[in-house]
Each structure stands twice: as structure tokens, then as C-alpha cells.
Amino acid sequence: MCDILSFGEVLFDMLPNGKKLGGAPLNLIYHAINSGVNGAVISSIGNDENGKLILKEIENKKIPFLFNELNYPTGTVDVKLEKGIPSYTIVENVAWDYIELTKEAIENLKNTKVFCYGTLAVRNKKSFETLKEAIYLCSKDALKFYDINLRPPFYKKETIEQLLKLCDVLKINDEELSIVQSKFVNKNLDVDGICHYLMQKFNIKILILTAGDKYSKVYTKENISYIGTPKTKVVDTVGAGDAFSGAFLAKIIQGKTINEAHEYAVQIASFVVEHEGACPIYE
């Protein structure tokens, strides 16, 4: 059985120098596994050449997967980089918009310790319904981890609100925090105030805030863990947030403290930005 399961988009990032295996759920699980826990990805791929290539690459990276193969194209994202910062054009009506749970996925959901999801994964009604079914199947003790992962135009207030109400742990970056503040926080608050307000409003146990090359914070009801982002040579930032999430959750599963998990997550995120792509080989 899996310690951690991640639900949503699995695809190829079409980068200027070729395509790279990607999708936040897969990136997260890759780094969680390389941080010492068992995990798998729940998604769907197409019965096409890209689908076959994804299965081959996932097997090469030793990432367990719980997939359906459907008669929709496998997902792709056109990625443009400007000074290492990515912008995305996400192709619609693809296989991961129609995720269904396999029998193996259902069995793993009943026993997983952490279940992860994001906003992009539920842009289509079919995958949203499957996500809600998956969360229902999880035990009450399982942590529900929501990486808000806002990719315009694929989000709206009502969807975000539903997903916030389902989570125990929220991961958000500073740009996304401004968007969420405009939708849910009708008060003039500083960053800490906004985060504590969201935690109280949505009954969130842990809130992770990343602010790029500036800092990251992990909020609980009792404490705030703050770490300045280490100075490093940036190759690209694709997948750095997913790496942070996978590393952090792995250490929580292993019984580390919030501060210990935070320190390790910062190290792994820094490692990723120093390399090309979201899932570099661990050295």
C-alpha cells in the first residue's frame, strides 16, 4: 500500500529543447519516493504514442502509477521559458480530464496516509467527481493535501472554495495568495494575517507559503517556520514547488517535525532549480 497518493494531470511539458515528463502530481510523487516513502500517481493517459512514452518514462523513473488508458489524447503543455521562469499553454480535453479510479487505486486510497490534489486537475467535471470520490474513500486519518496550483483560465472561486474545504494542508505561493486574498479575505491584513485567516476560515491544519527566491513559511496554529530561500544558480524553476511538496510530505510521513520537514523541502527545491526539468536524477 502507498504512503502517499497524488491525483491529477500527467503529461509532457513541451520545452524549447524537447519534451519532458511532467504534471504536478507526478513531480510530487517522484520527489516523495526519492525522499524515502512509497507513493503512486492516480491519472489517465491516452491510448496513443505519447501515452506509451509516458508509461515507459515513468517505469524508468520507478514511479508507481494507477492509470486508465482512454480514447482521448495524452496531455501536453507548451512551456516557454524567460530567464528560467516558465509560462504554460495547457492543452484541453485530454485524458486526464476524464480520470477514473482503477480497482487498485480504490484499495490504495483506503489505506494511504496522504492524498494530494490540485485545482488544475478538476477543470473538467468528470475528474472533479472522481476526485471527490477518492477523498471519500480515504480514511479520516489521511492528510488531504491541496496544492492550489492556479493556472489561468482553469479556476474559479466556487471550485477553489470547495477544494479548500476538503483539505488539511494547503500549499500556495505568494502570487496565488494575492488571488485568494481578493476572493476570500475582505480584510486589510499582512501576509501572516491572511494565512492565519484562511486557516481558520477553512479549518486548515498546515499552510505552506512559498515566495520564490525570497523565502518560504510553514504555518501551524502554534508556530510559523520561516526559511530564507538559499542563493543558487537557477537553470529553470519548473517543478520546484512540487519538489518542495513531495519532500515536505515525505518527512512528515516519516515522523519528522514541521521545522525538519521544512528544512529538507527547501534543500530539495533548491536542488531542482539547479537542474533542467522537474524530475532530475538524484545524485
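Partly exposed, as I use it here, means a relative accessible area between the buried limit of under 20% and the exposed limit of over 50%. Lys113 has 46% relative accessibility, so I enter Lys113 as partly exposed. The model is a predicted one.

**Entry: Lys113 and its partner**

I looked up what Lys113 pairs with. Its partner is Asp3, in a salt bridge whose closest N and O atoms are 3.6 Å apart. The two residues sit in distant parts of the chain, 110 residues apart. I find Asp3 in the segment before strand 1, and Lys113 in the loop between helix 3 (103–109) and strand 8 (114–118). Asp3 has 15% relative accessibility, so I enter Asp3 as buried.

**Entry: other salt bridges**

I noted the total for the structure: eight salt bridges. Side chains of opposite charge can pair when their charged atoms come close. I followed two further pairs.

Lys20 and Glu276 meet through their side chains, at 3.7 Å from N to O. Lys20 belongs to strand 3 (residues 18–22) and Glu276 to the segment after helix 9, so this salt bridge ties together parts that are 256 residues apart in sequence. I checked exposure at both ends. Lys20 is partly exposed at 32% relative accessibility. Glu276 is also partly exposed, with a relative accessible area of 39%.

Next I took Lys217 and Asp192. The closest N and O atoms of this salt bridge are 2.8 Å apart. Lys217 is in strand 12 (residues 215–219) and Asp192 in helix 7 (residues 191–202), so the pair ties together parts that are 25 residues apart in sequence. Lys217 is buried, with a relative accessible area of 13%. Asp192 is partly exposed, at 25%.

**Entry: Ser6**

I then turned to strand 1 (residues 4–7), where Ser6 lies. Is Ser6 buried or exposed? Its relative accessible area is 2%, so I enter Ser6 as buried. I looked for a partner for its side chain. A polar atom of the Ser6 side chain lies 3.3 Å from the backbone oxygen of Pro25. I also listed what Ser6 touches, leaving aside its neighbours within four places in sequence. Pro25 is on that list, with Leu28, Ile29, Ala40, Val41, Ile42 and Cys116.

**Entry: helix 8 against helix 9**

I looked up how helix 8 (residues 240–253) and helix 9 (residues 258–273) are placed. Their axes come within 8 Å and cross at roughly 150°. The crossing is right-handed. From helix 8, the contact uses Ala240, Ala243, Phe244, Ala247, Phe248, Lys251 and Ile252. From helix 9, I list Ile258, Ala261, His262, Tyr264, Ala265, Val266, Ile268, Ala269, Val272 and Val273. I sorted the residues of this contact by kind: 15 are nonpolar, one is polar and one is charged.

**Entry: Glu260**

I stayed on helix 9 for Glu260, which has its place there. Glu260 has 39% relative accessibility, so I enter Glu260 as partly exposed. I asked how many Å separate the C-alpha atoms of Glu260 and Lys231. The separation is 20 Å, for residues that are 29 places apart along the chain.

Key:
Residues numbered from 1 in each chain as written. Predicted model: local features only at pLDDT ≥ 70, side-chain atom pairs only at ≥ 80, totals over all residues. Heavy atoms only, no water. Helix = DSSP H or I, 4+ residues; strand = E, 2+ residues; numbered from the N terminus. Buried < 20%, exposed > 50% of the residue type's maximum accessible area, 1.4 Å probe, protein only. Polar contact = N/O pair within 3.5 Å; in protein donor to acceptor, adjacent residues only side chain to side chain. Contact = heavy atoms within 4.5 Å. Axes fitted to C-alpha atoms, helices over the stretch in contact; angles between N-to-C directions. Left-handed = near helix turned anticlockwise from the far one by under 90°. Nonpolar A, V, L, I, M, F, W, Y, C, P; charged D, E, K, R; others polar. Salt bridge = Lys/Arg side-chain N within 4 Å of Asp/Glu carboxyl O.
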